[in-house]
Amino acid sequence: MSDPFLDPPGRLVAEAAPGSNAPALSVGELSQRLKRVVEGEFGHVRLRGEISGYKRVASGHAYLCLKDEAAVIDGVIWKGQAAGLAFRPEDGIEVIATGRLTTYPGRSKYQIIIERMELAGAGALMALLEKRRAALAAEGLFDQERKRRLPFLPRRIGVVTSPTGAVIRDILHRLEDRCPSHVLVWPVKVQGDGAANEVAAAVRGFNALAEELRPELIIVARGGGSIEDLWAFNEEVVVRAVAASDIPTISAVGHETDTTLCDHAADLRAPTPTAAAELAVPVLADIRLTVAAHAQRAERCARRYVERGRERLEAQARLLPTRDRLLGPQRQRLDDAGQRADRALERRVTQSRGQLDRIAGALRPATLDRRLEAARQRLADFGRLLAAVNPDAPLQRGYARVTARAGATLTTAAAVRAAGAVTLHFHDGNVDAKVEGARQRTYAPPPPEQPSLL
């Protein structure tokens, strides 16, 4: 008899060895045997561990992991038991799960089918997270007063994420669909050792760029995962970098149910990276429609204003009197005045013609000669009168007229003495004279009328 252990290993076809009690089992048979052994040995167990990677799928079933410091086991909660839980399972919560162990042949691993779950206390990671959250909140890093409004239409958007994941593609596609913008990608690790430092350095780096290169908005993005996968965004260095950013920041870490400390420090939290792109920019078509609507409204307002003004003008115009009503009396007065002017002119011409006829009849040659002779006689009389009153006429008879140097005629001796210098006017010329003294004429006393006896 051949020994199977001594036969050469190079046989091509397997043959059953005579007397062998180890028949060949299929993988499925072995898996079923293992399944029966595990389920028979551990038909009812209670496990204490921390939830990690909790996920509820569309069918209603929930999948998770229970772990401690030594090992990890997968767990499944069917739809009926998941709906009857007294609380909502979350990553990091320490629980006591009751169920039965089984195997999953499709992946060659064992798992627990959870029938009941109870809280066992806060998990270590959640306790650390809450402690860090309270400390940072006490510093005011999460205050709403620190939040800033996002720019309406940023020209440049900075994205801090992994360059190889689906997150950056989702963001770029969403931005291209809504409103194409210039995107600056700062590649970083989003989990593992050194991820937190890289994310913080990226946020600070965007703020340190020159003004012409600096983005107007920063998106910190990562896909979903367990609390361990997202732990880098709970690190203090990331939270402080995001809170100290001068550029408005959107945090889009994980899925809608995932919350990190980075979300609290950012100016706005987006439930998903795709939602962050939607929050970052408006829809270009909507902007165009809005602008067109505003233009139409402005045009309608302007037209309505003109129409209302035209209506008011027409209403006021109807209240005003017509042109004929306003100018009718004036036209009548003008016509009356014109007629009176014609009649007055005719009367004036008639009167003037009568006066002219009367004057023409009075203007005869004999009458004119008499008037001319009378005028000549009056002129001669005026000439004689003027010669009689001429002060220089007596000069022809030997008299002289005395005047002061200023030209005033002096008629008294006192005036001559006061003038001092005078001019003597003769008929043939003038002589200047200086008054030196006054001489008084002495007259002999008249003889008495009765002679004296002495």
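This report covers salt bridges, a three-stranded sheet and a surface patch.

The model is predicted: local features need pLDDT of at least 70, side-chain atom pairs count only at pLDDT 80 or more, and totals for chains, interfaces and linings use all residues. Residues are numbered from 1 along each chain as its sequence is written, and side-chain values use heavy atoms, with hydrogens and water left out.

With a salt bridge defined as a side-chain nitrogen of Lys or Arg within 4 Å of a carboxyl oxygen of Asp or Glu, the count is 14. The table lists some, including one between Glu94 and Arg48.

| Pair | N to O distance |
|---|---|
| Glu94 and Arg48 | 3.0 Å |
| Arg214 and Glu211 | 3.9 Å |
| Arg303 and Glu299 | 2.4 Å |

Exposure is graded by relative accessible area (buried under 20%, exposed over 50%, partly exposed in between; 1.4 Å probe, protein chains only). Arg48 is exposed at 51%, while Glu94 is partly exposed at 23%. Arg303 is exposed at 52% and Glu299 partly exposed at 38%.

Strands 11, 12 and 13 form an open antiparallel sheet in the order 11-12-13; strands are DSSP runs (E, at least two residues), numbered from the N terminus, and two strands pair if DSSP finds at least two bridges between them. Strand 11 (401–404) and strand 13 (429–434) are the edges, each pairing on one side only. Six antiparallel bridges join strand 12 (residues 421–426) to strand 13, where Ala433 is the bridge partner of Val422.

Leu386 is exposed, with a relative accessible area of 60%.

Conventions
Helix = DSSP H or I, 4+ residues; strand = E, 2+ residues; numbered from the N terminus.
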